[in-house]
Amino acid sequence: MNETPIRSKFTQKTLQKLPQILTLYNDYHQSVQTIAKALKMSPMTVSNLLKQYGNGLRPSKIEYVNKVDKLGNEIEIMFYEQLMSIRQIAKKLGVEPNFVKDHLNKFSK
């Protein structure tokens, strides 16, 4: 059987920058855009390297905000409509009771 080696779509020059990219992204929490600019690379190339050789990309801030908004809606329904306690809500959603309490104090109607 002839086995052909798996070829990478990245050049050797690009792959040499991989350790630096992983360090900047994982340890220094730099954005893909910042890394690409610093290393004079395409942001798409940096993104693809992180997906293939790293732990993937971090969720965007927008995804985090949407998740918090969704939790907020659930908290309000459980508290005001289902009459659940703060501790019950926290346990059901897997968050700290202070998160529930803070949300109710800041954002409730």
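1. Start where H4 starts. In this predicted model, a side-chain oxygen of Ser 42 comes to within 3.1 Å of the backbone nitrogen of Met 44. That contact sits at the start of H4, so if you're scrolling through the structure, residue 42 is a good place to pause before following the helix.

2. Next, the inward side of H4. Which residues of H4 are buried? They are Val 46, Ser 47, Leu 49 and Leu 50. Looking down the helix axis, you'll find these buried residues within an arc of 160 degrees, so they line one face of H4. What do they pack against? Their partners are H1, helix H2 (18-27) and helix H3 (32-38).

3. Now the far end of H4, which runs over residues 43-53. The structure has two aromatic pairs. One of them joins Phe 10 to Tyr 53: the ring centres are 6.0 Å apart and the planes make an angle of 55 degrees, a tilted arrangement. This pair links distant parts of the chain, since Phe 10 belongs to the segment before helix H1 (12-16) while Tyr 53 is in H4, 43 residues apart. Are the two partners buried or exposed? Phe 10 has a relative accessible area of 11%, and because the cut-off for buried is under 20%, Phe 10 counts as buried. Tyr 53, at 33%, is partly exposed.

4. The other aromatic pair is Phe 79 with Tyr 80. Here the rings are edge-to-face, with 5.0 Å from centre to centre and 90 degrees between the planes. On accessibility, Phe 79 is partly exposed at a relative accessible area of 28%, and Tyr 80 is partly exposed too, at 41%.

5. Back to Tyr 53 for one more neighbour to look at. Leu 15 sits in helix H1, and its C-alpha is 9.8 Å from that of Tyr 53, with their positions 38 residues apart in sequence. Leu 15 has a relative accessible area of 21%; buried would need under 20%, so Leu 15 goes down as partly exposed.

6. Last stop, helix H7 (residues 97-107). Which side of H7 is buried, and which is exposed? Val 100, His 103 and Leu 104 are the buried ones. They span an arc of only 95 degrees around the axis, which puts them on the same side of H7. Turn to the other side of H7 and you meet Asn 98, Asn 105 and Lys 106, which are exposed.

Technical notes
Residues numbered from 1 in each chain as written. Predicted model: local features only at pLDDT ≥ 70, side-chain atom pairs only at ≥ 80, totals over all residues. Heavy atoms only, no water. Phe/Tyr/Trp six-rings, centres within 6.5 Å; stacked < 30°, edge-to-face > 60°. Helix = DSSP H or I, 4+ residues; strand = E, 2+ residues; numbered from the N terminus. Buried < 20%, exposed > 50% of the residue type's maximum accessible area, 1.4 Å probe, protein only. Arc of directions from axis to C-beta. Contact = heavy atoms within 4.5 Å. Polar contact = N/O pair within 3.5 Å; in protein donor to acceptor, adjacent residues only side chain to side chain.
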